[in-house]
Amino acid sequence: AAQSLIAVAGDPARWATFVPTIRRSTPVGEDGLAAVEIEQSLPLMNWTTRWAYRLGEASVDLFGFAGDLRGGRLRWDVRQDAAGRAQLVLRAVADFQNGSMLLREVYKLEPYLEYGFDVALDLLLLQAVRYHAEQLSAAR
């Protein structure tokens, strides 16, 4: 299960096939740099970002180097819990208001919505990756 989790989290070019908010994820790596351009979309909002990524033995790091979420970071870790089950952990920092005038205005009216919005999008990504990895493991 841990290998499936890392394999799915570490292949962001395929995320568009199973993450509902990701419209497009296209490999754009050059000169040995593993990179992907991801377009995320919600009604009235979208973000396009180029992410460099690096796979470790039990982790995946992504860094937004161009686009709406430039400077954003995602880190996936797979750890074993006390019962020996693989657990997927996502740490994320991204400023979604950069790509949406509507969101900037909403955050001005109610700043606490920023936290809720970030958590909701990150949980959706986490659940989609976890579910897809479970489906791949079950198919083996």
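Okay, let's start with E37: this residue is buried, at a relative accessible area of 16%. Keep in mind that what we have here is a predicted model.

So who does E37 pair up with? That would be R50, and the two side chains form a salt bridge at 3.0 Å, N to O. The partners come from distant parts of the chain: E37 sits in strand β2, residues 35–42, while R50 sits in strand β3, residues 45–55, and they are 13 residues apart. On the arginine end things are a bit more open, since R50 has 31% relative accessibility and counts as partly exposed.

Next stop, D77. Buried or exposed? Buried, with a relative accessible area of 6%. D77 has a salt bridge to R75, 3.0 Å from N to O, and R75 is partly exposed, with a relative accessible area of 31%. D77 also meets R91 in a salt bridge, this one at 2.4 Å, N to O. That pair again links distant parts of the chain, with R91 in strand β6 (residues 86–93) and D77 in strand β5 (residues 73–80), 14 residues apart. R91 comes out at 39% relative accessibility, so we call R91 partly exposed.

Stepping back to E37 and R50, they belong to something wider: salt bridges with shared partners tie R23, R24, E37, E39 and R50 into one network. And how many salt bridges does the structure hold? The count is 12.

Right, on to the helices. Helix α3 covers residues 112–139, which is 28 residues, and spans 41 Å from its first C-alpha to its last, close to the 40 Å expected at 1.5 Å a residue. Its buried positions are F117, D118, L121, D122, L125, L126, A128, V129, H132 and A133. If you like reading spacings off a list like that, remember that an α-helix has 3.6 residues a turn, so residues three or four places apart point the same way.

Then there's helix α2, residues 101–109. Its axis comes within 7 Å of the α3 axis, and the two cross at roughly 130°, which makes α2 oblique to α3. Which residues make the contact? From α2 you get L103, V106 and Y107, and from α3 you get L113, E114, F117 and D118. By type, the contact of α2 with α3 has 5 nonpolar residues, no polar ones and 2 charged. Two of the names there, F117 and D118, should sound familiar from the buried list for α3.

That's my tour.

Notes:
Residues numbered from 1 in each chain as written. Predicted model: local features only at pLDDT ≥ 70, side-chain atom pairs only at ≥ 80, totals over all residues. Heavy atoms only, no water. Helix = DSSP H or I, 4+ residues; strand = E, 2+ residues; numbered from the N terminus. Expected span 1.5 Å × (residues − 1). Buried < 20%, exposed > 50% of the residue type's maximum accessible area, 1.4 Å probe, protein only. Axes fitted to C-alpha atoms, helices over the stretch in contact; angles between N-to-C directions. Parallel < 35°, antiparallel > 145°, perpendicular 65-115°, else oblique. Contact = heavy atoms within 4.5 Å. Nonpolar A, V, L, I, M, F, W, Y, C, P; charged D, E, K, R; others polar. Salt bridge = Lys/Arg side-chain N within 4 Å of Asp/Glu carboxyl O.
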